[in-house]
Amino acid sequence: MPYLLKPLQAGSLLLNNRLVMPPMATAKAEPDGKVSSAILDYYREKSAGGYFSLIIVEHSFIQQAGKASENQLSVAEDSVIDGLKRLAAVIQANGTKAVLQVNHAGSAASQEITGSTPVGPSAVKNPRKGGVPHELTRQEIGEIVAAFGAAAYRTKQAGFDGVEIHSAHGYFLNQFLSPLTNRRTDEYGGDLPGRIRIHKEVIAAVRAAVGEDFPVLLRLGASDYAAGGTTAADSQIAAREFEKAGVNIIDISGGFSGYTIPGNNEQGYFAPLSTAVKQAVAIPVILTGGITDVQAAEQLLAQGKADLLGIGRAVLQDSLWAKKAVESLR
């Protein structure tokens, strides 16, 4: 059997193949973040036929202060649950598992969008967005940790098959992980164990909210690709700690480099990172990054670069990509 078509069990999550549609912002939600007919139509089209084993729905804000952009999905209050139920059901009706990614933008937010001053681990300029945030107090950190837990609970109430914690692409948790933006001198800063303390608190809050059997994923910005930033070696240590804390799947992407590596267009360009993390953990690892060719995808799995593959922009351009891929291997 081709590697792409093999099923995979991760905790209580059974996936019927290795194809994942990763989270990609659509800006199709209502202005208040509620699910719209446009977003339902989009995910119905992308999940048609059940050729993806898993769709991770785009990042959804856990607090108004953490909203990243206009028309971003919300998981910030109970009033959004009914719409999210419809969204999960649309994907699941096509035979695909649905996970919701929860996020806080931190210093990547803007006052024009949120109505409040952006926040972050330190009053340091955001390398991607340029703003200088308010440095969070311990009490404020605790409130955001609790908001992650509440968002995960709403995700479970809405009927999703799991929840993904976003710590990549220069957003809030990534800002704590990276020495580029975390200059704190208290227990949330300094060495790597300090910089991932908040991650472990978030994982614990999420686990407390959803229970032991609900799948928890974490998207890890595994390298900043910048001098003084995070490295693959850091991410091996971090991923090992996240596994111990109760994460079921690690989803690899870039840190302050975003979801690309400047000048690198190889198939699966984050493969060196996913390979390194895979060596450090026993849980499944997702690799994304420029995968457009089915045979290249099959080879990445055969070489042990990852356990699951995220196919993003190829599916944005062609909703039938997964169907063609699966049928070509049967």
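Which residues of H2 are buried?

**View 1. Buried residues of helix H2 in the predicted model.** The buried residues of H2 are Ile81, Gly83, Leu84, Leu87, Ala88, Val90 and Ile91. An α-helix has 3.6 residues a turn, so residues three or four places apart point the same way.

**View 2. Span of helix H2.** H2 runs over residues 81–92 and has 12 residues. From the first C-alpha to the last, H2 reaches 16 Å, close to the 16 Å expected at 1.5 Å a residue.

**View 3. Packing partners of helix H2.** Two helices, H1 (37–47) and H4 (138–157), pack against the buried residues of H2. Strands S4 (54–61) and S5 (97–103) also pack against these buried residues.

**View 4. Helix H2 in the setting of the protein chain.** The protein chain has 12 helices and 12 strands. Of its 330 residues, 60% are buried. Among contacts between residues at least 6 apart in sequence, 70% join residues at least 24 apart.

**View 5. Extent of the C-alpha trace of the protein chain.** The trace spans about 55 × 40 × 35 Å along its principal axes. The radius of gyration is 18 Å, which agrees with the value near 20 Å for a compact globule of 330 residues.

**View 6. Surface and charges of the protein chain.** The accessible surface comes to about 12300 Å², and carbon and sulfur atoms account for 49% of this surface. The chain carries 31 positive and 32 negative charges, and the mean positions of the two sets are 3 Å apart.

Key:
Residues are numbered from 1 along each chain as its sequence is written. This is a predicted model: local features need pLDDT of at least 70, side-chain atom pairs count only at pLDDT 80 or more; totals for chains, interfaces and linings use all residues. Side-chain values use heavy atoms; hydrogens and water are left out. Helices (H or I, at least four residues) and strands (E, at least two) are DSSP runs, numbered from the N terminus. The expected span of a helix is 1.5 Å times one less than its number of residues. Buried means under 20% relative accessible area, exposed over 50%, partly exposed in between (1.4 Å probe, protein chains only). Contact means heavy atoms within 4.5 Å. The radius of gyration is taken over C-alpha atoms; the globule rule is 2.2 Å times the number of residues to the power 0.38. Accessible areas come from the Shrake-Rupley method with a 1.4 Å probe; for residues, only the protein chains shown count as cover. Lys and Arg count as positive and Asp and Glu as negative; His and the chain ends are not counted. The place of a charge is taken as NZ of Lys, CZ of Arg, CG of Asp or CD of Glu.
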